[in-house]
Amino acid sequence: MQQTLKDLREELHYINHAILKLLNRRAKVVMGVLEVKQRENIPLHVPQREMEMLQDLIDHNTGPFPDDSVRHLFKEIFQASVALMEDRKAGALRVSRAFRQQDLEIPVGDLVIGQESTIIAGPCAVESEEQMDMVARGLARMGIRFLRGGAYKPRSSPYSFQGLGEDGLKLLKAAADRYGMKTVTEVMDTRMVDMVRDYADILQIGTRNMYNYELLREVGRTRKPVLLKRGFSATIDEFLSAAEYILMEGNDKVILCERGIRTFERQTRNTLDISAIPILRRMSYLPVLVDVSHAAGRKDILPSLARASLAAGASGLMVEVHPFPAVARSDSQQQLDLDEFAAFLDAIGYAFPKFQVIQDETPVATEAAGFR
Ligand code: PEP
Ligand code: MN
């Protein structure tokens with residue numbers, strides 16, 4: 001009996017559904033394979049095994065599909081399976097959006113990171129009491145509540161200024177306390193975590209240490225918020241895995257900081273990876289800050305980078321500000337002076353606070369600062 005077009009189409013429909021069912025059955029088996037591989041620490045993708053499976057299928061191909069088509073079709077299936085395993089693996093991370101839906105807000109004293117836009121500002125390095133007092137005072141007048149400053153500086157040359165060490169931490173904290181600010185400072189070594197945490201409201205892990213897994217674990221054992229900078233050649237997946245090290249020790253107060261990655265471009269010190277911002281926000285619930293100063297390595301494009309970062313979903317910015325950048329002991333070319341910083345804030349639509357000057361001339365904000 002001759003089959004009608006309708007019959008043939010019905011048969012195709014039936015076969016499509018059978019293939020779909022089989023593909024999903026295959027995907028479930030792939031998930032089983034993932035579980036075993038993770039348990040036994042075996043790599044997810046084994047090209048040799050894929051080649052053997054393809055060869056076996058070609059050997060059994062009776063047509064009418066030519067071998068090349070069979071190879072092409074099954075390669076797609078294999079690739080989709082690897083992607084499925086990778087998605088499942090990424091989704092299982094504590095840092096992942098699948099783990100927690102809402103954006104994380106991180107309290108730091110009376111402040112919160114991840115709500116309204118946060119600005120962290122201050123010099124590259126703590127250099128002296130006068131420098132810290134001038135900068136903290138100037139920043140506080142503009143409503144800035146987070147004061148940064150490195151006391152331990154990771155410098156490319158061992159002969160460059162390495163920071164003032166614990167004395168620097170004391171100067172940073174004293175200046176911050178004087179003007180009601182919170183401190184953000186870098187910790188470079190596991191042996192220093194206990195000491196630095198006494199002075200820091202937020203512990204910073206620098207770009208060079210993003211791969212220092214022991215240090216990540218150690219700050220993970222504290223309950224301090226951690227500002228984790230992206231390694232300058234780290235992929236987004238590596239960046240999130242670094243954050244995972246901190247979380248797995250029980251500290252979920254992690255702030256991701258995009259600070260530019262190294263590319264062939266020489267007009268900027270690094271290339272600010274704007275796409276990382278929405279991708280990180282999509283993949284994770286952790287707040288994302290952007291350090292525009294270390295990304296650019298120059299002053300003139302900071303407002304554009306800042307506006308782009310905020311538009312892309314950043315929860316705030318880090319900017320280097322020094323009372324006299326020309327004589328700064330590190331990163332002198334990229335630090336803004338206080339007037340330049342005020343102009344920068346104005347350019348990005350920041351609303352300056354109204355403040356009152358009390359007896360000892362300490363400015364106190366009477367109205368919250370923020371963005372217009
Ligand atoms: C810093 O913020 O002081 C610093 C050294 O930045 P990075 O680690 O991003 O280079
Ligand atoms: Mn710097």
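Let me start with strands β4 and β5, where β4, residues 146-148, pairs with β5 in the parallel sense over 3 bridges, and where arginine 148 stands opposite valine 184 of β5. Please keep in mind throughout that this is a predicted model.

Staying with β5, which covers residues 182-186, we find that 5 of its 5 residues are buried, so the strand is largely enclosed by the rest of the structure. The covering applies to both faces, since Lys182, Val184 and Glu186 are buried on one side and Thr183 and Thr185 are buried on the other.

Glu186 of β5 turns up again when we look at ligand 1, because it is one of the residues that surround it, together with Cys124, Gly150, Pro154, Gly206, Thr207, Lys229, Arg259, Asp291 and His294. Sorted by class, that shell consists of 2 nonpolar, 4 polar and 4 charged residues.Asp291, also in that shell, takes us to strand β9, in which Val288 and Val290 point one way and Leu289 and Asp291 the other way, with all of them buried. Strand β9 pairs with β8 in the parallel sense over 3 bridges, and valine 290 in β9 is the bridge partner of glutamate 258.

Both of these strands reappear in the surroundings of helix α9, residues 276-283, where the buried residues are Ala276, Ile277, Leu280 and Met283. Viewed down the axis of α9, these buried residues fall within an arc of 140 degrees, so they line one face of the helix. As for what that face meets, the buried residues of α9 pack against α8 (236-248), β8 (254-258), β9 (288-291) and α11 (302-311).

Let me now step back to the division of the chain, which is split into domain 1, residues 5-92, and domain 2, residues 106-371. The centres of these two domains, taken over C-alpha atoms, are separated by 47 Å.

For a single pair of residues, we can take glycine 32, which is placed in helix α1, residues 5-40, and tyrosine 179: the two are 147 residues apart in sequence and, from C-alpha to C-alpha, 57 Å apart in space. Is glycine 32 buried or exposed? It has 9 C-beta neighbours inside 10 Å, and therefore glycine 32 counts as exposed, the cut-off for that class being 12 or fewer.

I would like to finish with the backbone, and with some places that deserve a second look. As general background, most residues other than glycine have a negative phi, and most peptide bonds are trans.

In the loop between α1 and α2 we find asparagine 41, which has a positive phi of about 60 degrees although it is not a glycine. Asparagine 41 is exposed, with 6 other C-beta atoms within 10 Å.

Further along, in the loop between α2 (47-59) and α3 (67-91), sits proline 64, and the peptide bond that leads to it from glycine 63 is cis, with omega near 10 degrees.

The remaining case is aspartate 331, in the loop between β10 (316-320) and α12 (338-347), where phi is again positive, at about 45 degrees, although the residue is not a glycine. How many C-beta neighbours does aspartate 331 have inside 10 Å? There are 19 of them, and aspartate 331 therefore counts as partly exposed, given that a residue is called buried if 20 or more other C-beta atoms lie within that distance.

Key
Residues are numbered from 1 along each chain as its sequence is written. Chains are lettered from A and ligands numbered from 1 in the order in which they are written. This is a predicted model: local features need pLDDT of at least 70, side-chain atom pairs count only at pLDDT 80 or more; totals for chains, interfaces and linings use all residues. A residue is near a molecule or strand if its C-beta atom, placed from the backbone, lies within 6 Å of it. Ala, Val, Leu, Ile, Met, Phe, Trp, Tyr, Cys and Pro count as nonpolar, Asp, Glu, Lys and Arg as charged, and the others, Gly among them, as polar. Helices (H or I, at least four residues) and strands (E, at least two) are DSSP runs, numbered from the N terminus. Domain bounds come from an automatic or database domain assignment. The arc is that of the directions from the helix axis to the C-beta atoms. Two residues are in contact if their C-beta atoms, placed from the backbone, lie within 7 Å. Two strands pair if DSSP finds at least two bridges between them.
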